[in-house]
Amino acid sequence: MDDSKMVGGKVKKPGKRGRKPAKIDLKAKLERSRQSARECRARKKLRYQYLEELVSSKERAICALREELEMYKQWCTAMDQGKIPSEIKALLTGDEQKAPQNSSTKSSKNNNSNQS
């Protein structure tokens, strides 16, 4: 069957329904478009700032973890040579007042390895 309908002696074909859009003032339309573009650029700028801050915080965390890993490697090499680092002794005895000092650990390791 044909999809067209007979209404009041006129044939109506199915198509777009509802009101036709009124002719919008071209200047107003352009201004809305410009405003939308401004807002889009502002959102994009905020998004990039957030991502840059996130990246920099992750990079700082990575650096801190690398330093910690290096400290643990130094401790392991010292223990493999039969020496117990002072930081580990402090942790085992409960003396937390001695903070890990990488520079003093290195110098003491060099002195201990020269004595062997």
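By how much of a helical turn are E31 and R34 separated in helix α1? The two residues stand 3 positions apart in helix α1, so about one turn of the helix lies between them. This spacing belongs to a predicted model, and the confidence of the prediction is therefore described before the side chains, pLDDT being the predictor's confidence in each residue on a scale from 0 to 100.

Across the protein, pLDDT averages 79, and 61% of the residues reach a score of at least 70. The elements of the protein range from helix α1, residues 26-80, with the highest mean pLDDT (96), to helix α3, residues 102-115, with the lowest (48). Over residues 103-116, pLDDT stays under 50. For this stretch the model has 9 contacts beyond four places in sequence.

Two salt bridges are present in the structure. In one of them, E31 is joined to R34, and the closest N and O atoms are 3.9 Å apart. A salt bridge requires a side-chain nitrogen of Lys or Arg within 4 Å of a carboxyl oxygen of Asp or Glu, and the distance of 3.9 Å between E31 and R34 satisfies this cut-off. E31 also forms a salt bridge with R38, where the closest N and O atoms are 3.7 Å apart. Through the partner that these salt bridges share, E31, R34 and R38 are joined into one network.

The accessibility of the three residues in this network was also computed. E31 has a relative accessibility of 39% and therefore counts as partly exposed. R34 is partly exposed because its relative accessible area is 47%. For R38 the corresponding value is 38%, so this residue is likewise partly exposed.

Aromatic rings were examined next. A pair of aromatic rings is described by the distance of the centres and the angle of the planes. A search of the whole structure finds 1 aromatic pair. The pair consists of Y72 and W75, whose ring centres are 5.5 Å apart and whose planes meet at 70°, so the arrangement is edge-to-face. The reasoning rests on the angle, since planes over 60 degrees apart count as edge-to-face. Both Y72 and W75 lie in helix α1, 3 residues apart, which corresponds to about one turn of the helix.

The two members of the aromatic pair fall into separate accessibility classes. Y72 is partly exposed because its relative accessibility is 37%. W75 has a relative accessibility of 9% and therefore counts as buried, the limit for this class being under 20%.

Definitions and conventions:
Residues are numbered from 1 along each chain as its sequence is written. This is a predicted model: local features need pLDDT of at least 70, side-chain atom pairs count only at pLDDT 80 or more; totals for chains, interfaces and linings use all residues. Side-chain values use heavy atoms; hydrogens and water are left out. Helices (H or I, at least four residues) and strands (E, at least two) are DSSP runs, numbered from the N terminus. Contact means heavy atoms within 4.5 Å. Rings of Phe, Tyr and Trp (its six-membered ring) pair if their centres lie within 6.5 Å; planes under 30 degrees apart count as stacked, over 60 as edge-to-face and the rest as tilted. Buried means under 20% relative accessible area, exposed over 50%, partly exposed in between (1.4 Å probe, protein chains only).
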